[in-house]
Amino acid sequence: MALSRIAALQFKNALRQPARFMSTGAGKTLPSFSMQGKVCMVTGAARGLGYEFCRAFVQSGCTSLAIVDLKEEEAKTAAAELELFARTDNDAPEKVNIIGIECDVSSERSVQKAFGEVMSTFGRVDSVVASAGIVENYSAFDYPFDRIKRLYDINVHGSFFTAREAARNMIPQGGGSIVLVASMSANIVNIPQPQTPYNASKAAVKHMASSLAVEWAKKGVRVNVLSPGYMLTKLTKTILAHDQELKKTWESLTPMGKMGDPEDLSGAIVFLASDASSFMTGSEIRVDGGYCVI
Ligand SMILES: NC(=O)c1ccc[n+]([C@@H]2O[C@H](COP(=O)([O-])OP(=O)(O)OC[C@H]3O[C@@H](n4cnc5c(N)ncnc54)[C@H](O)[C@@H]3O)[C@@H](O)[C@H]2O)c1
């Protein structure tokens, strides 16, 4: 399984045109957008948006990165895959160290252990993204309480544990940037699928970021939110697998008329995680094809 994913990437790389990535080279952008020299850590990064954030960091010069996810094998496979990408596709310098760490973000102990591993490997942590999250669609009357609790444990408490541990490690080193991944659902109510606890969890994440931003503003730790609209990832593909019409509905409700590609978030995540956003804290960037403005 692990090997076939890497073999598929090697094949994909062979088909790619190198110029696509060279145009984003360090000399062609503001230096503050660079992730060079930054130690980065992303939760929920074995796949989906989290993985794309990691890829964006590597493309922006990051050579020390931790991919954190529920299953150790998946985290390590993703790390190996991205390291291969960095070396072959992205002309990264010889010393790229991408590690995969097993962690259940709903457990504070597990989050602390993951940070311990990052600190013992890299000695510091500069940019942390909390992307681990789940969504489920039940009407309010039908939603089993144990599942609601699990959703809040991951989406809300998981984000809190990740942010708190990040700040604990960042403050002694002089600061850092934390990005919590919320959703446009923090701002609007999605239709037609019912998902009240998810929407409420993302609104909580958004206000959590503002509150933590104020607590840590003078300690050099910034906390911002990235709120995607409908993006095509495994999470949404699972929902759409049961309902072909739903994709058309989502697209028709989005002014740009389409779902986003995970890569559409790359610029925003690098901006928030890097020094390019150094006077920004407690803010939200929505990347949703215009969904929230109509
Ligand atoms: N895809 C979208 O359209 C969309 C839109 C808005 C917001 N988001 C948010 O973006 C984030 C990422 O979504 P995605 O589409 O990449 O989802 P995804 O399901 O493709 O990936 C989520 C990752 O999180 C991991 N994860 C789940 N529970 C975990 C836990 N307890 N501990 C550690 N890792 C865990 C999963 O194993 C998976 O690798 C989520 O917070 C989601 O709510 C997604």
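**Exercise 1. How many nonpolar, polar and charged residues does the shell around the ligand have?**

Solution. Start with the ground rules. This is a predicted model, where local features need pLDDT of at least 70, side-chain atom pairs count only at pLDDT 80 or more, and totals for chains, interfaces and linings use all residues. Residues are numbered from 1 along each chain as its sequence is written, and side-chain values use heavy atoms, with hydrogens and water left out.

Step 1. Set the shell: a residue is near the ligand if one of its heavy atoms lies within 4 Å of it. There are 27 residues around the ligand, and Arg 47, Leu 49, Asp 69, Tyr 198 and Thr 233 come nearest.

Step 2. Sort by class. Ala, Val, Leu, Ile, Met, Phe, Trp, Tyr, Cys and Pro count as nonpolar, Asp, Glu, Lys and Arg as charged, and the others, Gly among them, as polar. The shell has 13 nonpolar, 8 polar and 6 charged residues.

Step 3. Assign elements, with helices (H or I, at least four residues) and strands (E, at least two) taken as DSSP runs numbered from the N terminus. The largest share of the shell, 3 residues, comes from α8.

**Exercise 2. Find polar atoms of the protein that lie close to ligand atoms.**

Solution. Use N or O pairs within 3.5 Å.

Step 1. Take the side chains. A polar atom of the Asp 104 side chain is 2.8 Å from a ligand nitrogen.

Step 2. Take the backbone. Gly 229 has a polar backbone atom 3.4 Å from a ligand oxygen. For Leu 235, a backbone N or O atom lies 3.5 Å from an oxygen atom of the ligand.

**Exercise 3. Which residues lie nearest the centre of the largest pocket?**

Solution. Step 1. Define a pocket: on a 1 Å grid over the protein atoms alone, an open set of points with protein on both sides within 12 Å along at least five of seven lines; lining residues have an atom within 4 Å of a point.

Step 2. Read the lining. It counts 43 residues, and Arg 47, Gly 133, Ile 134, Val 135 and Leu 235 lie nearest the centre. Helix α8 gives the largest share, 5 residues.

Step 3. Place the ligand. The ligand sits in this pocket (more than half of its atoms lie within 2 Å of the grid points).

Technical notes: Polar contact = N/O pair within 3.5 Å; in protein donor to acceptor, adjacent residues only side chain to side chain. 1 Å grid on protein atoms, 1.4 Å probe; cavity = no way out; pocket = protein on both sides within 12 Å on 5 of 7 lines; lining within 4 Å.
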